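Dear colleague,

Please find the structure below, handed over for your records. My notes on what was found in it follow directly after.

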Amino acid sequence: MSNVVLQVEDLHTSFFTRMGEVKAVDGVSFLIREGETFGIVGESGCGKSVTGLSIMRLLPEPGGQIVGGKIILEGKNLLELSKKAMRAYRGKIVSMILQDPMSSLNPVYQVGDQIAESVRLHQGLPENMVEPEVISALRLLRIPAPEVRIKEYPFQLSGGMRQRVVGSIAMSCKPRLLIADEPTTALDSTIQAQYIALFEDIQAKTNVAIMFITHDFGVISRICDRVGVMYAGKIVETAPTREIFKAPKHPYTVALIHSVPRLDQKDERLFSIEGQPPSLMNLPPGCRFCPRCTVALDVCKEQQPPEVKISDNHSVSCWRVK
Amino acid sequence: MTVAPNIEAKTTNKRKGGVSRWSRIMKNLTFIIPLSIFIILILTSIFAPFIAPHDPEATSLTERRLPPAFIEGGSTKYLLGTDSLGRDVLSRVIYGARVSLSVSLMVIAITAGIGTLMGIASGYLGGRIDGFLMRVVDIAMSFPGLVLAMLLAVALGPGFFTVVIALSALGWAGYARLIRGETLRIRNSDFVAQARISGASSWRIMLRHIFPNVLNPLIIIMTLAVGMMILAESGMSYLGIGIPPPTPSWGSMVSDGRNDLDVAWWISTFPGICIGLVVLSGNFLGDWLRDKMDPRLRQL
Amino acid sequence: MTRFIIIRILQSIIALIGIMVMVFFLVRLSGDPTELIKSPNSTKEQIEAVKIQLGLDKSYAEQFLIFIKDYSRGEFGKSFMQMRPVIEMIGEALPNTLKLGIPSFIIGMVLAFTLGILGAVRRDSIIDNTVKFLAILGQALPGFWVAIIAVLVLSVHWQIFPAAGMDTPLHYVLPVGTMVFFMLPGMMRLVRSSMLDVLDSEYVKLARIKGLPERVVIWKHALRNALIAPLTTAGMIFAGIVGGAIITENIFNWPGMGRLALSSTFSRDFPVVQTITILIAIMVLGANLLVDIAYAYVDPQIRYEKS
């Protein structure tokens with residue numbers, strides 16, 4: 001087994017609002033190894049993006065706060081770092097790609113400047129080395145004619161190209177961990193496929209650990225080595241991708257997988273999950289999926305299910321799984 | 001779809017750890033108080049003759065510059081005192097509400113009407129019509145408003161309708177520009193394309209598809225304009241080009257009292273406070289509506 | 001870019017011509033100036049002679065042609081009342097207005113931008129709440145009323161600042177304060193909300209993800225984008241200095257353009273009113289033009305599209 005890059009232990013992140021505390025992430029644990037892609041999948045609002053932002057320590061302020069747990073990156077607990085020390089980690093050791101390529105580049109600066117900014121900040125290169133470094137960052141994301149691109153403004157680029165630029169910024173300092181928050185959601189499906197292929201390529205070259213956040217199990221199957229399924233602030237099942245498709249254990253995972261349209265199956269009826277996730281302000285005492293679960297037991301209503309390890313790297317939280 | 005977007009929307013404005021009922025009450029108060037002030041203003045304007053204790057134009061030379069009742073020397077006969085001609089300040093403030101409100105409502109109706117018409121036509125039809133209308137807007141926006149008001153006051157004589165015409169003549173341009181922008185945005189939307197595909201006429205599209213979609217910003221700026229118009233009217237009255245005496249208008253009352261400031265501060269102060277209160281309420285209501293209906297317009 | 005500027009200049013000239021037409025007819029609508037000059041025992045012949053002297057005996061069409069011809073040559077005529085060249089009278093009044101307007105503009109904008117940005121960056125802090133409170137109050141209270149109260153308290157009561165005259169710097173405090181009061185609240189609010197929008201944006205988030213210090217995030221990434229919207233308003237406020245000074249000058253008896261405009265309108269001094277109106281319009285149109293060009297500088301998208 002290769003080195004563990006990121007280990008998240010019992011992370012709790014809440015938003016304090018006028019209406020009360022919203023427990024967006026409520027006891028999440030997982031780890032990601034070097035060169036591995038770990039997917040976090042779930043409906044919108046399950047806390048997957050908040051998990052990503054918690055690791056960056058860039059929660060929306062005021063209101064967002066990490067209440068408990070540990071985020072250990074390369075052996076250091078990020079939650080114990082000073083603001084300044086954390087800033088030195090961002091962009092250099094851990095980086096992130098945001099969902100919307102149209103709005104995540106600053107419209108008034110040239111593309112090259114926006115990448116060079118990171119390079120200058122973290123690498124301490126002499127000025128004449130900055131531009132070659134920027135160009136090589138663009139090359140890493142297979143951006144054609146990088147020498148021309150650096151002089152262009154974001155509005156001159158297509159959506160797919162912009163998202164590659166965002167990727168170049170994220171990868172420009174060769175981080176150990178890359179958090180990709182739905183990076184393909186805003187892209188056309190053909191460009192999506194290219195972009196996913198790029199991720200594999202980058203990983204092969206840099207051995208970066210990737211945390212891939214998505215709501216789309218189809219994307220997961222193409223890129224992730226392991227998956228964590230998140231529901232209402234908790235990870236309900238963690239397993240290698242192949243295993244989770246072959247033998248999903250949690251009823252929610254089963255439902256999610258069945259709701260992915262597939263061309264290779266005769267059964268044309270798409271599965272959909274009835275009801276809505278619970279309010280994160282007013283959580284049920286038992287299993288959070290219980291109100292929507294078709295196979296719920298009496299105990300599900302009253303007690304939260306414990307996490308059960310059914311094999312070395314497959315664990316589930318469900319009363320049905322013993 | 002579910003919880004997250006709501007969480008994010010809710011948290012952006014909130015204070016850390018502010019789980020207070022207090023702030024929620026405050027939030028509601030910023031809506032209820034201005035609304036009440038507006039309702040009181042409207043009722044006062046309608047029922048002025050029944051509420052006002054005195055005739056607002058009746059002078060009493062023996063009772064000039066009497067202080068308000070709550071100050072030594074004041075009497076309960078004149079709750080807010082009297083002005084330099086012995087007129088009851090309270091009654092004048094009450095009747096002044098009528099003037100301020102009717103001027104601003106009339107101006108808003110006219111300017112919003114013309115501006116919306118022009119804006120939609122300009123934005124939807126485009127081309128030469130747009131070019132022409134936008135030059136007219138340029139003219140209206142760069143013509144000095146107070147100079148126009150002064151010229152009209154001299155030409156037509158100061159009066160209620162002169163004020164309305166002066167404020168309307170240039171005021172529509174702002175609406176036209178905003179509504180044009182909104183129309184341009186809506187024109188490219190799918191439902192307008194759909195209407196075109198199904199053969200709807202330009203008129204029908206402008207009336208049935210564009211107009212309902214510019215209503216939100218329109219209502220918001222109309223609400224915000226109530227305060228602006230009251231301020232403008234009072235400014236004109238102050239310069240002597242507004243509603244002429246003896247008709248009570250808040251602006252002219254402030255102006256009347258300025259020479260007596262050191263001996264009778266109440267003459268200018270009470271109408272000034274009324275202007276401030278009403279404009280404040282209008283702005284709060286407008287802001288509240290904007291947050292409810294169209295937060296995108298925060299910069300208006 | 002050049003094409004864009006040329007089109008904008010042409011549009012401004014069209015608007016200016018429109019304003020000239022409008023003001024020409026509006027001043028003539030305001031009545032016959034000779035009625036104000038004549039005495040009860042002036043004869044018809046005398047009045048006719050004055051009309052001929054002022055050029056008011058000709059038809060409107062003729063007068064209009066002369067007006068356009070003179071103005072396009074930069075000849076603004078003589079005042080009907082003072083029989084002096086209009087340009088001379090404006091030469092006396094305009095500097096006074098600018099002495100008031102420019103310091104007010106600078107103070108107003110510096111305050112608006114500093115407070116607006118601070119309010120947005122330290123959202124919900126004491127500074128922010130003060131900014132919000134001031135903005136709300138300032139937009140609601142009539143400026144002339146506040147000025148009157150300030151005169152009452154600061155010059156009548158405590159006698160700190162004089163209420164009229166323009167001899168010492170102390171004389172400037174109240175009028176400049178009043179003009180700042182007119183400009184500040186709306187601008188401050190606009191800067192704050194524009195900055196808040198930008199601070200919420202994804203690219204500011206990305207700048208933080210890069211690990212940039214907060215200082216760089218705000219001053220480099222947020223500010224330039226946040227300036228785009230308030231720029232127009234700043235331009236309009238600057239252009240409105242002359243027109244906006246009318247009330248302030250009236251309160252403080254300041255011998256500037258505003259008072260000249262007021263008195264010459266009431267005395268039907270056509271050449272003066274026309275010239276002042278056109279001058280204000282040129283300032284507004286010019287400021288708009290400059291704002292558009294500045295926009296192109298700040299926002300590369302405009303720069304490229306219009307080129």
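**Findings: chain C, its contact with chain A, and the core**

In this predicted model, 26 residues of chain A are in contact with 19 residues of chain C. On the chain C side, at least two residues each are supplied by α9 (202–209), α10 (214–226) and α15 (300–305). The largest share belongs to α9(C), which gives six residues. Sorted by class, the side of chain C that touches chain A holds seven charged, seven nonpolar and five polar residues.

As regards chain C itself, there are 15 helices and zero strands. The C-alpha trace of chain C spans about 85 × 60 × 30 Å along its principal axes. Chain C has 307 residues, of which 42% count as buried. Where contacts in chain C link residues at least 6 apart in sequence, 71% of them join residues at least 24 apart.

The largest nonpolar core comprises 243 residues, and the members touching the most others are Leu177(A), Met229(B) and Met187(C). Helix α9 (residues 202–239) of chain B provides the largest share of this core, 17 residues. From chain A, domain 1 (4–93 + 176–277) and domain 2 (105–174) each contribute at least three residues to the core.

You may wish to look at Met187(C) in particular. Leaving aside residues up to four places away in sequence, Met187(C) touches Gly108(C), Met109(C) and Ala112(C), together with Pro230(C), Thr233(C), Ala234(C) and Ile237(C).

With kind regards

Note on methods
Residues numbered from 1 in each chain as written. Chains lettered and ligands numbered in written order. Predicted model: local features only at pLDDT ≥ 70, side-chain atom pairs only at ≥ 80, totals over all residues. Contact = placed C-beta atoms within 7 Å. Helix = DSSP H or I, 4+ residues; strand = E, 2+ residues; numbered from the N terminus. Nonpolar A, V, L, I, M, F, W, Y, C, P; charged D, E, K, R; others polar. Buried ≥ 20, exposed ≤ 12 C-beta atoms within 10 Å, placed from the backbone. Core = buried A, V, L, I, M, F, W, Y, C linked by C-beta atoms within 7 Å. Domains from an automatic or database assignment.
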